[in-house]
Amino acid sequence: MQDKSRPFGMRNLLALCAAAGVALSASAAGAEKIKVALALPGAVSDKGFNASAHAGLMLIKKTLGDKVEVAFSESVKRPDFVATLRDYANRGYNVIYAHGFQWGDAIAKVAAENPDKHFFNTYGSGKAKNLANLYVSFQELFYVTGQLAAKLSKADVIGAVGGWEIPPIRIQVDAFRQGVLAAKPKAKFVAIYTGTFYDAVKGKEAARAVISQGADIVAHMADATGLGVIQAAKEKKVPVIGYFADQRSLAPDLVVSSAVIKVDDMLLKSIQSVIVGKFNPGPNRFGLASGVLEVGPYGPMVPENVKAEIAKLVADIKSGAVKVPAPNVPALMKQKINKI
């Protein structure tokens with residue numbers, strides 16, 4: 001992306017880094033470089049959730065150049081969460097990211113052990129004085145893609161396939177459902193949770209089940225499992241909405257759009273907060289207006305009038321003219337951490 005598309009371009013960020021060098025060096029115990037580590041629960045090859053965070057790390061590396069040293073671990077299993085984060089801290093990494101809700105307890109523990117370092121958890125809920133939780137307002141984006149799906153459906157049956165049934169995914173699926181019903185109150189909505197983010201076969205089976213119930217458009221919120229959803233959509237020639245990244249390349253004739261979450265921008269913005277001395281522990285939220293969320297590029301099957309309607313809806317949400325309803329996530333679900 002060009003510098004003009006970001007609040008801080010490369011030139012400005014490098015200047016800020018130089019200006020903040022003394023404070024940063026103190027916080028990094030004299031380290032010559034900002035050492036940034038990223039821990040991932042899945043593979044960077046998933047073309048979605050984990051790939052997006054890895055892209056953020058690469059954007060940090062590209063933007064900061066020789067001012068930064070980066071490292072990452074992928075497909076980390078839950079029993080190894082604490083050890084992985086602690087290892088990075090012990091090796092002198094002074095900005096450490098953990099990607100995903102499930103890292104909350106582990107990163108809070110390691111952050112408390114290392115008060116001189118900065119920690120970030122995407123979608124997490126852990127607490128420490130040096131831990132920031134990076135949230136996106138999922139309900140805004142998925143409410144919009146739900147309306148998009150409803151407007152494109154001819155059968156008025158719309159499906160969704162989720163991964164783990166944890167709060168962020170429940171929020172996404174329910175916001176999508178509410179968007180569907182806002183556009184077509186009498187539409188039928190069918191959703192299946194696969195219980196995994198890492199099994200394309202299960203994603204394919206779930207999508208087939210949703211399609212067998214009459215869905216003529218399907219969305220997925222399932223990371224690598226969602227690759228199987230797209231495979232099933234190709235087999236059945238059913239339009240599909242991609243997840244996290246622009247997934248048109250996976251099925252150019254069937255991916256109508258994607259719910260794009262620009263984790264790369266979010267990670268860049270978060271490290272900027274460290275560089276300029278404005279690190280904000282606790283919740284840091286990004287909505288449609290932040291540019292981190294967006295409806296991805298459209299496939300050729302989306303009519304111009306639908307594009308215009310969706311553009312107006314996005315603009316109205318950004319301005320506050322349209323209030324997105326809160327997702328229906330039971331109180332107990334908010335406390336649930338899937339142990340799979």
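Before starting, one definition: buried means under 20% relative accessible area, exposed over 50%, and partly exposed in between. Also keep in mind that this is a predicted model.

**Exercise 1. Helix 3 from end to end**

Task: Work out which residues of helix 3 are buried, and compare the reach of the helix with its expected span.

Solution:
- Start with the length. Helix 3 has 16 residues and reaches 23 Å from its first C-alpha to its last. That is close to the 22 Å expected at 1.5 Å a residue.
- Next, apply the cut-off. The residues of helix 3 that are buried are F49, N50, S52, A53, H54, G56, L57, L59, I60, T63 and L64.
- For reading such a list, recall that an α-helix has 3.6 residues a turn, so residues three or four places apart point the same way.
- Finally, look just past the end. Helix 3 is followed by G65, with a positive phi near 60 degrees.

**Exercise 2. Two unusual phi angles**

Task: Take K47 and Y123, place each one in the fold, and decide whether each is buried, partly exposed or exposed.

Solution:
- The background first: most residues other than glycine have a negative phi.
- K47 isn't a glycine, yet its phi is positive, at about 60 degrees. Its place is the loop between strand 1 (34-39) and helix 3 (49-64).
- Now the accessibility of K47: the value is 45%, so K47 counts as partly exposed.
- Y123 isn't a glycine either, and has a positive phi of about 65 degrees. You'll find Y123 in the loop between strand 4 (118-122) and strand 5 (131-136).
- With a relative accessible area of 5%, Y123 is buried.

**Exercise 3. Following the rings**

Task: Describe the aromatic pairs Y123 with F244 and F176 with F189, and say which parts of the chain they link.

Solution:
- The structure holds 15 aromatic pairs. Y123 and F244 form an aromatic pair with 6.5 Å centre to centre and 75 degrees between the planes, which is edge-to-face.
- This pair links distant parts of the chain: Y123 sits in the loop between strand 4 and strand 5, F244 sits in strand 9 (residues 240-244), and they are 121 residues apart. Y123 and F244 are both buried.
- Then take F176 and F189. Their pair is tilted, at 6.0 Å centre to centre and 50 degrees between the planes.
- F176 belongs to helix 7 (residues 167-183) and F189 to strand 7 (residues 188-193), so the pair ties together parts that are 13 residues apart in sequence. F176 counts as buried, at 0% relative accessibility.
- Back to Y123 for a wider view: F49, Y123, F138, F142, Y243 and F244 form one aromatic cluster.
- One more ring deserves a look. The charged end of K35 sits over the ring of Y93, 4.5 Å from its centre.

**Exercise 4. Classifying helix packing**

Task: For helix 8 with helix 9, helix 6 with helix 11 and helix 3 with helix 10, give the relative direction and the handedness of the crossing.

Solution:
- Helix 8 (residues 200-212) packs on helix 9 (residues 225-236) at an angle of about 45 degrees, with the axes 6 Å apart. That makes helix 8 oblique to helix 9, and their crossing is right-handed.
- For helix 6 (residues 138-152) and helix 11 (residues 304-319), the angle is about 160 degrees and the axes are 10 Å apart. Since angles over 145 degrees count as roughly antiparallel, helix 6 and helix 11 are roughly antiparallel to each other. The crossing of helix 6 and helix 11 is right-handed.
- The axes of helix 3 and helix 10 (residues 263-275) come within 7 Å and cross at roughly 50 degrees. Helix 3 and helix 10 are therefore oblique to each other, with a right-handed crossing.

**Exercise 5. Sequence gap against distance in space**

Task: Compare the separations of R170 and N328 and of L250 and K234, then add the setting of R170 and L250.

Solution:
- R170 and N328 are 158 residues apart in sequence, but 8.1 Å apart in space, C-alpha to C-alpha.
- R170 lies in helix 7 and is buried, with a relative accessible area of 15%.
- L250 and K234 are 16 residues apart in sequence and 9.4 Å apart in space, C-alpha to C-alpha.
- L250 is in the loop between strand 9 and strand 10 (255-261). At 21% relative accessibility, L250 counts as partly exposed.

Note on methods:
Residues numbered from 1 in each chain as written. Predicted model: local features only at pLDDT ≥ 70, side-chain atom pairs only at ≥ 80, totals over all residues. Heavy atoms only, no water. Helix = DSSP H or I, 4+ residues; strand = E, 2+ residues; numbered from the N terminus. Buried < 20%, exposed > 50% of the residue type's maximum accessible area, 1.4 Å probe, protein only. Expected span 1.5 Å × (residues − 1). Phe/Tyr/Trp six-rings, centres within 6.5 Å; stacked < 30°, edge-to-face > 60°. Lys NZ or Arg CZ within 6 Å of the ring centre and 35° of its normal. Axes fitted to C-alpha atoms, helices over the stretch in contact; angles between N-to-C directions. Parallel < 35°, antiparallel > 145°, perpendicular 65-115°, else oblique. Left-handed = near helix turned anticlockwise from the far one by under 90°.
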